[in-house]
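Student: I've got a model open and a pile of labels to make sense of. Can we go through how each one is earned?

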Amino acid sequence: MLSCCSYKGTNQNESFDIVFKNIIETSSDPTDIGHFKEIVLDAQTKRFIIENGHSKPKAKGPFAKNSDGRSFSEKYYFTVSKSGLKIERSWLCYSTILQKAYCRSCWLFGDRTSTGFQEIWTTGYCDWKHIVDGIKRHEQSHVHYISCLVYEKWFLNKTLNEELEQNIKKEKLFWRQVLERILNITLTLAMRSLPFRDHREKLGSGKGENGNFICFIELLAKYDPVLEKVINQGNNKVNYCSPKIQNELIQLISNKVEDELILNIKEAPFFSIIIDTTQDISKVDQLSEIYRYCVIEKDEYGNPKYVCVKETFLAFHEVVDQSASSLSELILQNIEKKGLSIAKCRGQGYDGAANMSGMYNGLQKRIKDIEPSAAYVHCSTHNLNLVVNDAVKEITEMEIFFDVVLRVFVFFGHSIVRWRILSDLIKESNSQNGLLIKKLNPTRWAGRYEAVFALKIRFVEIQKALTKVILCSSKCNFNDLLEEANIVAKSWSISTEFQNKRRKVVKRYFDELCTDMRLTCPESLFRLVNKYDKDISKTFTSEILAVRSTLKNQISQLNSTRDLAQLLMVKNHSLTASFPEVCTALLLFLTIPVTSASAERSFSKLKIIKGYLRSTMMQDRLSGLALISIEQETVREVDFENLIDMFAEAKARKKKF
């Protein structure tokens, strides 16, 4: 059977393909007259009916009977001559939808203006008592003769189209094999964050000036006859490995992956948005768009397996204006564009910048004005860093200590000679650990730990290096420098005494708390119902007490809310229907973001993908490559068969026969 999607070109034809593709997929008899409402069919529909065969259902069961108990019979499909020769009536068809017989030739090509035209054979014949006589009269009519002749001419043209289709199918199979390889190369490069193109590229040149994409194709062509044929196709070879094809594939792949991710977000009851901004190598502000949601993964039998909390990257967006109004407009446009509802947003995760966290005009306030349940959470890692930094600044000894750690690294690191002295001493120590001193990271406390740990391990070597530098140095000592400074100071009438500064002490007010505050009012524990009145009903309080009493022993052994959700909704999922409000509250709690670290990690990928050699990359390509690279797990699960078929057919139909 030939598919009607062989005939493409205009938007009207594309809609035709969609309609009749649905008929083919949903009906066992796509050419049944009952599928077609129009009396006069267009040429494209006639061609579809001819290509997809006759509507001649066999009598697997009895045909529908009328009020007289009579029905159609498959014996009417044939006539028997006087000599006993059995001949098929190819024109006679039966509609299981209308439960009527009809003439296919007259229905498609009958001259409806002729006086001998029998309309009943184009709308449906159901007089089963006189059907034998009716068939004979119709077969001997002049209009029927002409209709059958026209039908045969159309059928002959269909045969020619079949030969063309066979050639196209062969060409499509070849290009399908080519595009499978090109798609896999594209996915490999994108997932590994590798560049595709070089300054100049020419397939098959062998000069070593091509980028990774062409180099992979040339390498595989040495062992693969399909790609070897592509390279040896002459002037057309560049068309199928060109930057345009690469961009189209990257865009199609990223769109398909994005659709899968958005579908998962839509299936979740709630979602949260995590936003952060940075500046890329080309001095363009980029916004990382991440969604957090919680779902219950199920096995092949539909039973819950585990509670899964996901943070999904969707795109980078170029930011022209970092004001709160501009950012909120951009975020809301993207949410609407993806088909998501802001009414399902229950959390916002940003850093503490004023344009993001401002309680009057910040981004979080503008989102809350639209959806009040979208709670803002200041990133916990940013909060912790601020707290520790402020605490350390109040301890003079600690500040001096870290300053010494930094100065030690600067002393050795900013001099090639001094760094070589320290490195040689470390090698002479015969230590299995070749750890060198580290730079003090001002923001990452893990980096500070590494710097202090390296100083501890290399303390002896540092002392030796400093001693060697002092003994070998030709510079004056401290006393000589002090005496020289005093002479200069006296000549300029400047005091030579060092000033002692008083230590700063932060004033404590009478109403400040010495310890952190805890909620002691039992009533405050149940305010959740009022805050999320759209999601949780008044029965929540009674349900949570019932859950605590029912699973008291198991709950006492848990360490986190996620463990509680796993206990209730997976291990004891039969209780889920009994405690729906508690389950909703657990999913809601797990959906609210804790930190914006995932957005920070996406910027690490941004630096890899958009390096100095790729600083002119367009925004769509950058976002597509980032999506493929970051969401590799989803990419591996996506089925690209339809995408390959679409590309292959497009290439095959461009072939001239």
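Tutor: Sure, and keep in mind that this is a predicted model. Start with R621, whose charged end sits over the ring of F196.

Student: What makes R621 count as sitting over the ring of F196?

Tutor: The charged end of R621 is 5.1 Å from the ring centre of F196. The distance cut-off is within 6 Å, and the charge must also be within 35 degrees of the ring normal. R418 lies over a face too, that of F411, at 4.3 Å from the ring centre.

Student: Now the rings. How many aromatic pairs are there in the whole structure?

Tutor: A search finds 22.

Student: Why is the pair F72 and Y94 called stacked?

Tutor: Their ring centres are 4.7 Å apart and their planes are at 20°. Pairing needs centres within 6.5 Å, and planes under 30 degrees apart count as stacked, so F72 and Y94 are a stacked pair. F72 is in the loop between α2 and β1 while Y94 is in strand β3, so the pair ties together parts 22 residues apart in sequence. Both residues are buried, and they belong to one aromatic cluster with F63, Y76, Y77 and W128.

Student: How do you know that strand β5 pairs with β8?

Tutor: Four bridges join β5 to β8, and the rule asks for at least two, so they pair. The two run parallel, with I274 opposite G349 in β8. Four bridges also join β8 to β9, again parallel, and there G347 stands opposite A375.

Student: What makes β8 mostly covered?

Tutor: Six of its six residues are buried, meaning under 20% relative accessible area.

Terms used: Residues numbered from 1 in each chain as written. Predicted model: local features only at pLDDT ≥ 70, side-chain atom pairs only at ≥ 80, totals over all residues. Heavy atoms only, no water. Buried < 20%, exposed > 50% of the residue type's maximum accessible area, 1.4 Å probe, protein only. Phe/Tyr/Trp six-rings, centres within 6.5 Å; stacked < 30°, edge-to-face > 60°.
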